[in-house]
Amino acid sequence: MNISQQVDDKLIDSIYGIVFGEARWDTFLTELNGLLPGAGTSLFYHDAARAEGSSQFHINMDQAWIDTYTRYYCRLNPWISGLNRTPPGQGAIGEDFISYAELSRTEFFNDFWHRHEGHGA
């Protein structure tokens, strides 16, 4: 078994542990975040009908950043429309929905994401 498969198996085991009440989301996010040095990891939600969103579980992310996103910038997040079109179970990255060049011209990027050292999603 290669390293990638071992990592996948560990993360999948963590998710099953959550389902069966044997683990917590913050444990899973900590493991996932450990694969991405210097990154922040979040399990967020977005209600497209109400244009609201936030994060209940996050690792290596400042609460003030989450609060600012929740209060205003969740409504401007250019990735959300693409996420709404993504089938359940399918992974995606931010550039699947909007190019970095387009993203860098948005209020979301210039006044929020980039100021908080966000680079991708």
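**Questions on a predicted chain**

Of the 121 residues of the protein chain in this predicted model, 27% count as buried.

Reader: Nice to have this one to look at! Which pattern does the protein chain follow, read along the sequence?
Author: Happy to walk through it. The secondary structure comes to six helices and two strands. Read from the start of the sequence, these elements give the pattern α-α-β-β-α-α-α-α.

Reader: And how far does the C-alpha trace span along its principal axes?
Author: The trace belongs to a chain of 121 residues. Its accessible surface comes to about 8100 Å², with 53% of that belonging to carbon and sulfur atoms. Along the principal axes, the C-alpha trace spans about 45 × 30 × 25 Å.

Reader: Let's turn to the strands. How many bridges join β1 to β2?
Author: Strand β1 covers residues 41–47 and strand β2 covers residues 52–59, and the two run antiparallel. One pair to find on screen is Thr41 with its bridge partner in β2, Ile59. Pairing takes at least two bridges, and for β1 and β2 the number is seven.

Reader: Which residue in the hairpin of β1 and β2 takes a positive phi?
Author: A good place to look is the stretch between the strands, which has four residues. The positive phi there is near 50°, and the residue that takes it is Ala51.

Reader: Which residue forms a salt bridge with Arg24?
Author: The count comes to one salt bridge, so there is a single pair to look for. Arg24 is exposed, with a relative accessible area of 56%, while its partner counts as partly exposed at 27%. The closest N and O atoms are 3.0 Å apart, within the 4 Å cut-off. The partner is Asp26.

Reader: Is Thr106 buried or exposed?
Author: Thr106 sits in the loop between α5 (100–103) and α6 (107–113). Its relative accessible area is 18%. Because buried means under 20%, that value settles the matter: Thr106 is buried.

Reader: What distance separates the side chain of Thr106 from the backbone nitrogen of Phe109?
Author: Thr106 is in the loop between α5 and α6, and a polar atom of its side chain is the one to pick. From there to the backbone nitrogen of Phe109, the distance is 3.1 Å.

Reader: One last thing: what share of the contacts with a separation of 6 or more comes from residues 24 or more positions apart?
Author: Contact here means heavy atoms within 4.5 Å. Taking the contacts in the protein chain with a separation of 6 or more, residues 24 or more positions apart account for 34%.

Notes: Residues are numbered from 1 along each chain as its sequence is written. This is a predicted model: local features need pLDDT of at least 70, side-chain atom pairs count only at pLDDT 80 or more; totals for chains, interfaces and linings use all residues. Side-chain values use heavy atoms; hydrogens and water are left out. A salt bridge is a side-chain nitrogen of Lys or Arg within 4 Å of a carboxyl oxygen of Asp or Glu. Buried means under 20% relative accessible area, exposed over 50%, partly exposed in between (1.4 Å probe, protein chains only). A polar contact is a pair of N or O atoms within 3.5 Å; within protein, one must be able to donate a hydrogen and the other to accept it, and residues adjacent in sequence count only if both atoms are side-chain atoms. Accessible areas come from the Shrake-Rupley method with a 1.4 Å probe; for residues, only the protein chains shown count as cover.
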